[in-house]
Number of protein chains: 2
Amino acid sequence: MAVGNVAVPNTVYPIEGIKLSATAAGVRYKNRDDLVVIEIADTATAAVVTTKNAFCAAPVRVLREHFAKASPRYLVTNTGNANAGTGADGKRRAIDICQALATKAGVDISTVLPFSTGVIGEPLNSEAIVAGLDSALTNLAPDNWQAAANGIRTTDTIPKIASQKFDIDNVSYHITGMSKGSGMIRPNMATMLGYVATDANIKADLLQEMLSAINEQSFNRITVDGDTSTNDCCVLIATGTASSDVIDSVAHPHYQPIFDALTDVFIRLAQLIVRDGEGATKFMTVKVTGGKTTQECCDVAYAVAHSPLVKTAFFASDANWGRILAAVGYAGIDDLDTEQVDVYLDDVMICQNGGVAPSYTEEAGKAVMSRSEISIHIDLARGNANDTVYTCDLSYDYVKINADYRS
Amino acid sequence: MAVGNVAVPNTVYPIEGIKLSATAAGVRYKNRDDLVVIEIADTATAAVVTTKNAFCAAPVRVLREHFAKASPRYLVTNTGNANAGTGADGKRRAIDICQALATKAGVDISTVLPFSTGVIGEPLNSEAIVAGLDSALTNLAPDNWQAAANGIRTTDTIPKIASQKFDIDNVSYHITGMSKGSGMIRPNMATMLGYVATDANIKADLLQEMLSAINEQSFNRITVDGDTSTNDCCVLIATGTASSDVIDSVAHPHYQPIFDALTDVFIRLAQLIVRDGEGATKFMTVKVTGGKTTQECCDVAYAVAHSPLVKTAFFASDANWGRILAAVGYAGIDDLDTEQVDVYLDDVMICQNGGVAPSYTEEAGKAVMSRSEISIHIDLARGNANDTVYTCDLSYDYVKINADYRS
């Protein structure tokens, strides 16, 4: 069960210049959409970030080669099989899919980017995907975001969509995005796919900078189990249909509001992954303040967010905050003065100057731990930097889901 | 249920110069031994290693101060409460216990080293411990190793003891040790306490070097859940009663056989912790060969050993070896050529040159995964270094134990 508000927005705005389709190609399971194609207008610019896992999957390798050559016109995604750990055969199959789509659509192969998610280490049934492409291309339509968001799900229990409309100087902008992922989630992407499109008109290199920066505050700040996937990719498309005025620098008056709106959408899509974390019963925001650097705040936040002992205590609604202190202590921060560290759960101060807060009561701790959304705020009191990571608890169901995944 | 051979040795050799006792002091639970005192002859030398967690517990701070001043005569250990995250009050209580013992035994306080293990962040009932000291001192005896090994247990399901006798040049040497710990286990110690004594006659500074080196191959190469405890300590005592000939350099003819025997005992005590890992159903040895450095082999081994996805797959006896590849891929090794990487489960090659091994069959994978003791061998094929880490699987019971720990 996903935690908290995970509803699809009432209105999912189509993005002019983007068409999508979802098709049941039978990659691994029958009668389930597992092939999603996104068509991008040739006016668009695009930005991409990919996994830092050295064992990156075949489609990621192909994607990087294609994206280096051309701006994408088609994104083709399959679920059920990650096409990772599959060697040269896997790469050939990823290319086969791109070539088949390119031929059918009449575009160059380098404008087709492949994405795969699912089980690792098994040969991809690329023939099934190729056989599904005709139907996928026929069904392309601007209002298929929700079908596509369903089509990219693996162990996800919900489709993950965010959508916004806003006006700046009488220009109406729209942003719509979708994501998938609920396990193998960790910084530097995750078993995570994210596709966000806007009709803003943004120069390609600026768009890449925006994606990199926004990604650091969103998809690179979530963790379910600390496992970095071989397949993580995130794509940001700007179709340019909202206005002919090109946004080509941070000085453009529309830049910052668009950046902020995109950030909202990305954080929402990232949080949805954690809210749907495998077996999650609680959504936790780990905020670290008072650090010397953002990096050390990030390190502390991740140490806490990764700790199985912290995560099982939250699952049990047990204010065993000592486990939080222990995780702060092994985060590897140089010269940490533990006697300066304060810790809060929501508004309850549990630890002051490295020990139990005098005002703390077990009852107050129990009350806050009974909530399904809890913030953990750690103040290191040694600087002005801060950072935030989103995570969930570790439950029986996490083990069940991951022990049963292939069966 | 602990995994594999975890039996207490048929013969547990007393070590001349060491006496032990276990007492029910009522620190947290009634009618359960929770106070263990070890008396050390004044002829002995001692070596200590402690946790690297910045939030180290009050007893660890006191221990470090005392050990810097004097060679220990008494080790006093309580379970039920880790006296960690307890600030100045915690430190005062640790000192109170040491002072009470020192007064009763007629020794200087700096010769008493305190150890605590149990729940973090709650005030220690030091009064109960002090009240139990008379009984603890009265009951000291050389043959109480098993009672003491039981007395230091927390969530441990078994007492952990190793014992050896061996002769070199007509000198009979004995080594006996005990350990505790089953969760919060990770490099740089763990919620782990280890006490090993030998009757060898070893100079103090050499003994410290030996402990540091042996620790790197044993207690610092195990992981259950990746959490580094605030309380980990390991003590090595050499009482010197076996011979008047002092071993004061690595050139001494007895040095290497004693070093090797101590290493065997330490690895056994470390493995017992993993075999008794919280909820463990499988014991896994992760061996990485062909690395450029020992550190990178260690990093890869720990990435695999920490991965919840790998650990749940082993719990499920599922040869989902792609998760192993994914963990190797995010271990952070520079310029890793994944197309050189081979992976074996016991004698079954599952991955060759970064892809599925041609000889691999699902049946062979299933057969090896059905075993309760499995080695994962990863060959990076880029150098001559190697390293080994011991771990266990991640089961429902791990979550249950850690979600219920305080209730």
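Contact here means heavy atoms within 4.5 Å. Keep in mind that this is a predicted model.

**Exercise 1.** Work out which side chains Lys180(B) pairs with, and whether a salt bridge is present or absent.

*Solution.* Start with the location: Lys180(B) sits in strand β7 of chain B, which covers residues 171-180. Next, list the neighbours. Leaving out residues up to four places away in sequence, Lys180(B) touches Thr117(B), Ile152(B), Thr154(B), Asp156(B), Lys160(B), Thr191(B), Met192(B), Leu193(B) and Ile273(B). Now check the charges. The nearest side chain of opposite charge belongs to Asp156(B), 4.1 Å away. A salt bridge needs the atoms within 4 Å, and so buried Lys180(B) ends up with none. Last, look for polar contacts: the Lys180(B) side chain makes one with the side chain of Thr117(B) at 2.8 Å and another with that of Thr154(B) at 2.9 Å.

**Exercise 2.** Decide whether Ser163(A) is buried or exposed, and find its polar partners.

*Solution.* Ser163(A) belongs to strand β6 of chain A, residues 160-168. Its relative accessibility is 15%; the cut-off for buried is under 20%, so Ser163(A) counts as buried. For partners, try Thr176(A): the two side chains share a polar contact of 2.8 Å. Then try Tyr13(A), whose backbone nitrogen is 2.9 Å from a polar atom of the Ser163(A) side chain.

**Exercise 3.** What rotation and shift superpose chain A on chain B?

*Solution.* Turn chain A by 180° with 0.0 Å of shift along the axis, and it lands on chain B with an RMSD of 0.0 Å. That makes the relation a two-fold axis. In chain A, the C-alpha nearest that axis is Tyr396(A)'s, at 2.7 Å.

How values were computed
Residues are numbered from 1 along each chain as its sequence is written. Chains are lettered from A and ligands numbered from 1 in the order in which they are written. This is a predicted model: local features need pLDDT of at least 70, side-chain atom pairs count only at pLDDT 80 or more; totals for chains, interfaces and linings use all residues. Side-chain values use heavy atoms; hydrogens and water are left out. Helices (H or I, at least four residues) and strands (E, at least two) are DSSP runs, numbered from the N terminus. Buried means under 20% relative accessible area, exposed over 50%, partly exposed in between (1.4 Å probe, protein chains only). Lys and Arg count as positive and Asp and Glu as negative; His and the chain ends are not counted. A polar contact is a pair of N or O atoms within 3.5 Å; within protein, one must be able to donate a hydrogen and the other to accept it, and residues adjacent in sequence count only if both atoms are side-chain atoms. Copies are superposed by least squares on the C-alpha atoms of residues with pLDDT of at least 70 in both.
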